[in-house]
Amino acid sequence: MTRLLKQLFNWRNYLQPAAIAIAIVLIASQIAVLPALATGVYEIPMLSAGDRTWVFDKGDVLSRSSESNISSVLDTLEQKTGKQVRFVTIHRLDYGETTATFTDQLFEQWFPAKEDQTNQILLVLDTVTNSAAIRTGEGVKSLLSDEIAQSVAGETVQVPLREANKYNEAFTAASSRIATVMSGEPDPGAPKVVDNIQVEGTFKTAEETDQGNATVIVVVLLVLATVIPMVTYFWYQGFS
């Protein structure tokens, strides 16, 4: 018995350090995974000379058909006007980062020289918070003013997302609006917000409910007033 107890204590002495080591490994692995889930500017590929990639869907929220259609619109715009528009979606920002700071950093990384920035438009969306930011070069502001640019990021993109995370619709609308404005046509404006508040209710009012209940009670009383005397009569007849 004494030997058995000693063996048990020895096993406990071996297991405790092993359990602690396993716990440390698990905690360390979780800590290592968390930053990996975030997207930093350094993870976005650099643009090479003549790069005609217009959409970088790192957040994986766009369908292939939508991405193809959006790219076609932006490619046509570049061929007609020389203005380049790029959309970027990311999934989760680095700690302390905002969509606006990320957009500025990416804009500077892709276009470090002032002359390279002038005809550029960059729109970024973080799919975790659905926050969007836009950065434009000086050469596009005569048509795409800062006011319109902010409306694209804050309304054209946001309205479909607030309704039901309609990412394809949001970016399709954004590409269409930007292309229209940059082609010199009037700004179609932000999408209309649909008010889903039901003005006229389909439910009964308190007065209608009370009236309905009163009708039911009257009918029940009439039925009872007719049935009870009949049952009583036949019951007595049965004993006579």
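Helices here are DSSP runs of at least four residues and strands are runs of at least two, numbered from the N terminus. The exercises below concern a predicted model.

**Exercise 1. State how many helices and strands the protein has, and give their order along the chain.**

Solution. Step one is the count: the protein has 8 helices and 4 strands. Step two is the order, read from the N terminus: α-β-α-β-α-α-β-β-α-α-α-α.

**Exercise 2. Describe the sheet: its strand order, its edges and its twist.**

Solution. Begin with the order. The 4 strands make an open sheet arranged E1-E2-E3-E4, and the pairing is mixed. Next, find the edges: strand E1 (55–57) and E4 each pair on one side only, which makes them the edge strands. Last comes the twist, which averages 10° from one strand to the next.

**Exercise 3. Work out how strands E3 and E4 are joined.**

Solution. Strand E3 covers residues 120–126 and strand E4 covers residues 131–136; the two run antiparallel, with 6 bridges between them. Two bridge partners can be checked by hand. Leu125 is matched with Ala132 in E4, and Leu122 is matched with Arg135 in E4. Then look at the connection: E3 and E4 form a hairpin with 4 residues between them. In the turn, Asn130 has a positive phi of about 60°.

**Exercise 4. Find which strands helices H2 and H3 lie across, and at what angles they run.**

Solution. Take H2 first. This helix lies across E1 and E2, and its direction makes an angle of about 155° with E2. Helix H3 (residues 99–110) lies across E1, E2, E3 and E4, running at about 35° to E4.

**Exercise 5. Locate the largest nonpolar core and name the elements that build it.**

Solution. The largest nonpolar core holds 29 residues, and Phe87, Ile121 and Leu123 have the most contacts inside it. The elements giving two or more residues to this core are helix H2 (64–81), strand E2 (84–90), E3, helix H5 (146–156) and helix H7 (167–182). H7 contributes the most, with 8 residues. Now follow Phe87 outwards, leaving aside neighbours within four places in sequence: its contacts include Trp54, Val55, Phe56, Ile70, Leu74 and Leu123. Phe171, Ala174, Ser175 and Ile178 are also among the contacts of Phe87. Apart from the largest core lies another core, of 14 residues, among them Ile44, Leu93, Trp110 and Leu122.

**Exercise 6. Characterise the aromatic pairs that involve Trp110 with Phe56 and with Phe111.**

Solution. The whole structure contains 4 aromatic pairs. A pair of aromatic rings is described by the distance of the centres and the angle of the planes. For Phe56 and Trp110 the centres are 5.1 Å apart and the planes meet at 45°, a tilted pair. Phe56 lies in strand E1 and Trp110 in helix H3, 54 residues apart, and the pair thus links distant parts of the chain. Both Phe56 and Trp110 are buried. Trp110 and Phe111 are 6.2 Å apart centre to centre, with 70° between the planes, an edge-to-face pair. Phe111 is buried, as is Trp110. Finally, place these residues together: Phe56, Phe107, Trp110 and Phe111 form one aromatic cluster.

**Exercise 7. Summarise burial, surface and contact range for the protein.**

Solution. Of the 240 residues, 32% are buried. The accessible surface is about 15700 Å², and carbon and sulfur atoms account for 60% of that area. For contact range, consider contacts between residues at least 6 apart in sequence: 64% of them join residues at least 24 apart.

Definitions and conventions:
Residues numbered from 1 in each chain as written. Predicted model: local features only at pLDDT ≥ 70, side-chain atom pairs only at ≥ 80, totals over all residues. Heavy atoms only, no water. Buried < 20%, exposed > 50% of the residue type's maximum accessible area, 1.4 Å probe, protein only. Contact = heavy atoms within 4.5 Å. Areas by Shrake-Rupley, 256 points an atom, 1.4 Å probe, with all protein chains shown as cover. Pairing = 2+ DSSP bridges. Core = buried A, V, L, I, M, F, W, Y, C linked by side-chain atoms within 4.5 Å. Axes fitted to C-alpha atoms, helices over the stretch in contact; angles between N-to-C directions. Phe/Tyr/Trp six-rings, centres within 6.5 Å; stacked < 30°, edge-to-face > 60°.
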